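Thank you all for coming; I would like to walk through one structure this morning, starting from a single position and working outwards. Please have the sequence and the model open as we go.

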Amino acid sequence: MKIAVLSGKGGAGKTMIAVNLSELMTDGVYVDCDVEEPNGHLFFKPKVTEVKEVNVKLPKVNQELCNGCRKCVEFCKFNALAYIKNTLLVFDEVCHSCGGCSIICPENAIKEEDKAIGSIQSGYSEGTKVISGFMNIGESSGVPIIEELNHMISSEENVIIDCPPGSACVVMESIKEADYCILVAEPTIFGTHNLAMVHELAVKFNKKIGVIINKTFSENNPAKEYCIKNNLPILSVLPYDSELGLINSNGLIAVREQENYKKFFALILEDVLEEVRNETTSNIKR
Ligand code: SF4
Ligand code: SF4
């Protein structure tokens, strides 16, 4: 089963929750899909056993063969090609590597070339498998790296997916294979707005959902009100906790450090696993 942890904004506690839940799972696999800024490995400090490069295909034009017919320009739905002053230009940043232009060119003037956009590191930390995606600086999209991460975890059990913040296409790609989505929110009006964003996304993807409200500090809790109004199950409300903050800022994993955190996160994990299992059971034809 695959559990995605997501949040509409950075800093809500998504990675802290993903790291602690993965650590508690038997044969757990932690996957960092926050490829622009992966930081789960800073907690796990895994012994890296494999590094693999992630490439995309980009068109390379042979201007000698190009006759300027512009068929490729008309074909490209991403406006990644332009024919200007007898030269076919390729805008790598907006190319989606669909390969269509090289197929459609009647002169065979376009070939595809590999370009490295990032890498994936795999390793182990005290029995937890840690897989992290890293996007190279200056690249425009981490989606191909997340696609590769999804491919790598397709046969894995007990996976926790640490998603990128927000609700853009990188988040959609990260939750695609998830059986359950944990939405992490802060108890502020801004945090509630961000919760609504990821809630809408998870509903569109037809996912089972639970919410963790992190860093609560008063009775006034708009995120909780939002959950009640929208019938969203609250998995846990985590009060603002400077001790937990200190453990995190020292790059440590709370469930490894203190028994009370182990119990706390184990309860959340049990609830989620029960929800997922119920779903699985109800899907079996009898
Ligand atoms: S389809 Fe081929 S020949 Fe026509 S403009 Fe594009 S690269 Fe040039
Ligand atoms: S590979 Fe696809 S997206 Fe990229 S330039 Fe060619 S047609 Fe456009």
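Why is A168 partly exposed? The answer is a count of neighbours: A168 has 13 other C-beta atoms within 10 Å, and because a residue counts as exposed at 12 or fewer and as buried at 20 or more, A168 is placed in between, as partly exposed. To locate A168 on your screens, look in the loop between β8 (159–162) and α6. From A168 to A4 the distance is 15 Å, C-alpha to C-alpha, although 164 residues of sequence lie between the two positions.

I should say clearly that this is a predicted model, so please hear everything that follows in that light. The chain has 286 residues, of which 41% count as buried, and its secondary structure consists of eleven helices and eleven strands. Along the principal axes, the C-alpha trace spans about 70 × 50 × 45 Å. If we take the contacts with a separation of 6 or more, 73% of them are made by residues 24 or more positions apart.

The chain is divided into two domains, with domain 1 made of 2–54 + 118–282 and domain 2 made of 63–108. The centres of domain 1 and domain 2, taken over C-alpha atoms, are separated by 40 Å.

Let me turn to the interior. The largest nonpolar core has 66 residues, and V5, I161, C181, I182 and L183 are those with the most contacts inside it. If we set aside neighbours within four places in sequence, I182 is in contact with I3, V5, I17, G210, I212, L235 and V272. There is also a second, separate core of ten residues, which includes C76, L81, L88 and C101.

C76 and C101 come up again around ligand 2, where they are listed with A80, C95 and C98 as the closest of 14 surrounding residues. That shell divides into ten nonpolar, four polar and no charged residues. Ligand 1 is likewise surrounded by 14 residues, the closest being C66, C69, K71, C72 and C105, but here the shell has nine nonpolar, two polar and three charged residues.

Now for the helices. In helix α5 (residues 143–153), the buried residues are V143, P144, I145, I146 and L149, and what covers them includes β2 (29–32), β3 (47–61), β6 (110–125), β7 (128–135) and α6 (169–175). Helix α7 (residues 189–204) and helix α8 (residues 222–229) have axes that come within 8 Å and cross at roughly 35 degrees. In that contact, I189, G191, T192, L195 and A196 in α7 meet P222, A223 and Y226 in α8, which gives six nonpolar, two polar and no charged residues.

Finally, two backbone positions deserve a look. Most residues other than glycine have a negative phi. S97, however, is not a glycine and has a positive phi of about 55 degrees; S97 sits in the loop between β5 (87–90) and α4 (100–104). E126, in the loop between β6 and β7, also has a positive phi, near 45 degrees. Which of these two is exposed, and which partly exposed? S97 counts as partly exposed because it has 19 C-beta neighbours inside 10 Å, whereas E126 is exposed, with 11 other C-beta atoms within 10 Å.

Note on methods
Residues are numbered from 1 along each chain as its sequence is written. Chains are lettered from A and ligands numbered from 1 in the order in which they are written. This is a predicted model: local features need pLDDT of at least 70, side-chain atom pairs count only at pLDDT 80 or more; totals for chains, interfaces and linings use all residues. Helices (H or I, at least four residues) and strands (E, at least two) are DSSP runs, numbered from the N terminus. Two residues are in contact if their C-beta atoms, placed from the backbone, lie within 7 Å. Domain bounds come from an automatic or database domain assignment. Axes are lines fitted to C-alpha atoms, for helices over the stretch in contact, and angles run from 0 to 180 degrees between N-to-C directions. Ala, Val, Leu, Ile, Met, Phe, Trp, Tyr, Cys and Pro count as nonpolar, Asp, Glu, Lys and Arg as charged, and the others, Gly among them, as polar. A residue is near a molecule or strand if its C-beta atom, placed from the backbone, lies within 6 Å of it. A nonpolar core is a set of buried Ala, Val, Leu, Ile, Met, Phe, Trp, Tyr and Cys residues joined through C-beta atoms within 7 Å.
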